[in-house]
Amino acid sequence: TMTPSSMTEKYNGVFMQMSKATPNLHYLLLNGETFAEKPEDKEKLNDADFAKAIKETEGRPLYELSAKKGALTHEAIDSLQGQSQLRKLNLAQNKTIDDEACKKIAAYLPRVQNLNLYGTSVTDQGLIYLLDLQELRTLHLFDTKVSFQGANEFRGKMESMSGNDDLEITTGHGTLRLDSFKHSAFLKATY
C-alpha cells in the first residue's frame, strides 16, 4: 500500500498504480479545490501545491494525471519535467492554463496521447507548440480560444508531419467534432 500524501489528501485525490500488469505506472488525481463546509474556506489547487503533490510521488512514473478546476498555470507544468511516460493529462477548467503551458507540455511530455484543455485559455498559437506531440490521439478544446479553423489546420499538419491520421479533436463551436482522418476514411469506406 502506498502512504497517502499530504497534498493528495488535501485535494481529496488518489495516487495509485495503474494496474497489477503495470505496477510501475501510476495514476494521480487531484481535485481542483479542497473540501470545506463553507465555500469561502475552500482553497483552489495552485502551482505550489501541485508541485508538492508531484514531489510526493517520489519520481514514480505517472501514466495518467488529472487536475481539473484548479488555478494552475504553466508553472505547474515545470513540476512534470522527467515524466516522459505520461499518456493522459487532464487540465480542464484551469482557466489560467495558456499557450505557454502548451509549449511546456510539448517539451516535457512528448508521449501524451490524450490531452484535455477544456475551459482553459489556450489559443491557436498554443496548438502550434502541440505539433511536437507525435502520439496525440485525443485533444479536447471546448470552451477555449482556439478557432475551428485553427483546430482543423492543426489536425491536417499533424497528419502530414507525423503521419498521425488517428487524432480526434473536440472544439464545441457548435460544430461537429473533428474525427480523425483514419476514422473518416473508415466511415467513407463503410457507408
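I counted two strands as paired if DSSP finds at least two bridges between them. With that settled, I opened the predicted model and went looking for partners across the sheet.

**Entry 1: the sheet as a whole**

I began with the strand order. I found an open sheet of seven strands, running β1-β2-β3-β4-β5-β6-β7, and the pairing is mixed. At the edges I noted β1 and β7 (168-170), each of which pairs on one side only. I also looked up the turn between neighbours: on average, neighbouring strands of this sheet are turned by 5° against each other, direction ignored.

**Entry 2: β3 and β4**

Which residue of β4 stands opposite Glu 64? I found Lys 88 there. Strand β4 covers residues 88-90 and runs parallel to β3, with three bridges joining the two.

**Entry 3: β2 and its neighbours**

Next I turned to β2 and checked each side of this strand. On one side I have β1 (residues 14-17), which pairs with β2 in the antiparallel sense over four bridges. Two positions were worth writing down: Val 14 stands opposite Leu 29, and Gln 17 has His 26 as its bridge partner.

Then I looked at β3 (residues 62-67), which pairs with β2 in the parallel sense over five bridges. Here Leu 30 has Ala 67 as its bridge partner in β3. I also traced the connection: β2, helix α2 (residues 47-56) and β3 make a right-handed β-α-β unit.

**Entry 4: is β2 enclosed or open?**

Why do I call β2 largely enclosed by the rest of the structure? I went through residues 26-30 and found five of the five buried, so the description fits. In a regular strand the side chains alternate between the two faces of the sheet. I checked the directions here too: His 26, Leu 28 and Leu 30 point one way, Tyr 27 and Leu 29 point the other way, and all are buried.

**Entry 5: Thr 138**

I picked Thr 138 next, a residue of strand β6 (residues 138-140). Is Thr 138 buried or exposed? I read a relative accessible area of 18%, and buried means under 20%, so Thr 138 is buried. Leaving aside residues up to four places away in sequence, I listed what Thr 138 touches: Gln 113, Asn 114, Leu 115, Leu 167 and Glu 168.

**Entry 6: aromatic rings**

Last, I looked for ring pairs, and the count came to one aromatic pair. The rings are those of Tyr 118 and Phe 142, with centres 6.4 Å apart and planes at 80°; planes over 60 degrees apart count as edge-to-face, so I logged the pair as edge-to-face. The pair links distant parts of the chain, 24 residues apart. I placed Tyr 118 in the loop between β5 (114-116) and α5 (124-130), and Phe 142 in the loop between β6 and α6 (148-162).

I checked accessibility for both residues as well. Tyr 118 counts as partly exposed at 29% relative accessibility, and Phe 142 counts as partly exposed at 37%.

Note on methods
Residues are numbered from 1 along each chain as its sequence is written. This is a predicted model: local features need pLDDT of at least 70, side-chain atom pairs count only at pLDDT 80 or more; totals for chains, interfaces and linings use all residues. Side-chain values use heavy atoms; hydrogens and water are left out. Buried means under 20% relative accessible area, exposed over 50%, partly exposed in between (1.4 Å probe, protein chains only). A crossover is right-handed if, with the strands pointing away from the viewer, the path from the first strand over the helix to the second runs clockwise. Contact means heavy atoms within 4.5 Å. Rings of Phe, Tyr and Trp (its six-membered ring) pair if their centres lie within 6.5 Å; planes under 30 degrees apart count as stacked, over 60 as edge-to-face and the rest as tilted. Axes are lines fitted to C-alpha atoms, for helices over the stretch in contact, and angles run from 0 to 180 degrees between N-to-C directions.
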